[in-house]
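Subject: Structure for you to look at, with notes

Dear colleague,

I am handing over the structure we spoke about, and would be grateful if you could read the notes below with it open in front of you.

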Amino acid sequence: RAALPIWIDAMGAWTRKRQSENFTMPPDIRIIKVDSRTGFLVASPCRRFAIWIAIKKGTEPQRTCSALP
């Protein structure tokens, strides 16, 4: 715990010195929402476990999550 404030200060100083960079997403990359537990596409019962991921087009999950315990 003692190292966290030092780390936050150090990273804050480092990022302030850097220029903001514009990033262009490659055309073959998609941003999709998946269930963090299964990696399947998000459906209503799984929304609370959703995370956004970058994935190459054509490799997206084909299955949709279902309500899991």
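A disulfide, in the sense used here, is a pair of cysteine sulfur atoms within 2.5 Å. Please keep in mind throughout that this is a predicted model.

**The disulfide**

By that criterion the structure holds one disulfide, and the two residues that it joins are Cys46 and Cys65, with a distance from S to S of 2.2 Å. The torsion about the S-S bond of Cys46 and Cys65 comes to about 135 degrees, and the disulfide is therefore right-handed. Cys46 belongs to the loop between β1 (29-35) and β2 (50-56), while Cys65 belongs to the segment after β2, so the pair ties together parts that are 19 residues apart in sequence. Both ends are out of the open, in that Cys46 is buried and Cys65 is buried as well.

**Around Asp35**

Which residues, beyond its neighbours within four places in sequence, is Asp35 in contact with? They are Phe40, Val42, Cys46, Phe49 and Cys65, and you will recognise Cys46 and Cys65 in that list as the residues joined by the disulfide. Asp35 itself is found in strand β1, and it counts as buried because its relative accessibility is 1%, where the limit for a buried residue is under 20%. The side chain of Asp35 also reaches the backbone nitrogen of Arg37, at 2.6 Å. Arg37 in turn places its charged end over the ring of Phe49, 3.7 Å from the centre of that ring. As for rings paired with other rings, a search of the whole structure finds zero aromatic pairs.

**Ile29 and Lys57**

Strand β1 also contains Ile29, which at 26% relative accessibility counts as partly exposed. Leaving aside neighbours within four places in sequence, Ile29 is in contact with Ala54, Ile55, Lys56 and Lys57. The C-alpha atoms of Ile29 and Val42, by contrast, are separated by 18 Å, although these residues are 13 apart along the chain.

Lys57 lies in the segment after β2 and, with a relative accessibility of 46%, counts as partly exposed. Its contacts, again without the neighbours within four places in sequence, are Pro27, Asp28, Ile29 and Arg30. Where Lys57 meets Pro27, a polar atom of the Lys57 side chain lies 3.2 Å from the backbone oxygen of Pro27, and the C-alpha atoms of these two residues, which are 30 residues apart along the chain, are separated by 8.7 Å.

**Thr59 and Glu60**

The segment after β2 also holds Thr59 and Glu60. Is each of these residues buried, or partly exposed? Thr59 is partly exposed, with a relative accessible area of 46%, whereas Glu60 is buried, with a relative accessible area of 16%.

The side chain of Thr59 has a polar atom 2.6 Å from the backbone oxygen of Lys56, and the side chain of Glu60 has a polar atom 2.8 Å from the backbone nitrogen of Gly58. Further along the chain, Glu60 is in contact with Arg30, Ile32 and Ile55, once its neighbours within four places in sequence are left aside. For Thr59 and Arg30, which are 29 residues apart along the chain, the separation of the C-alpha atoms is 9.8 Å.

**Ser44**

Ser44 is placed in the loop between β1 and β2, and its 52% relative accessibility means that it counts as exposed, for which the limit is over 50%. The C-alpha atoms of Ser44 and Ser66 are separated by 8.3 Å, and the two residues are 22 apart along the chain.

**Helix α1**

Helix α1 takes in residues 3-17, and its 15 residues, at 1.5 Å a residue, should span 21 Å; the C-alpha atoms at its ends are 22 Å apart, which agrees with that expectation. Of the 15 residues of α1 the number buried is one, so the helix lies largely in the open.

If you have time for one place only, I would suggest starting from Asp35, which is in contact with Cys46 and Cys65 among others.

With best wishes

Key. Residues are numbered from 1 along each chain as its sequence is written. This is a predicted model: local features need pLDDT of at least 70, side-chain atom pairs count only at pLDDT 80 or more; totals for chains, interfaces and linings use all residues. Side-chain values use heavy atoms; hydrogens and water are left out. Helices (H or I, at least four residues) and strands (E, at least two) are DSSP runs, numbered from the N terminus. Buried means under 20% relative accessible area, exposed over 50%, partly exposed in between (1.4 Å probe, protein chains only). Contact means heavy atoms within 4.5 Å. The expected span of a helix is 1.5 Å times one less than its number of residues. A polar contact is a pair of N or O atoms within 3.5 Å; within protein, one must be able to donate a hydrogen and the other to accept it, and residues adjacent in sequence count only if both atoms are side-chain atoms. Rings of Phe, Tyr and Trp (its six-membered ring) pair if their centres lie within 6.5 Å; planes under 30 degrees apart count as stacked, over 60 as edge-to-face and the rest as tilted. A charge sits over a ring if NZ of Lys or CZ of Arg is within 6 Å of the ring centre and within 35 degrees of the ring normal.
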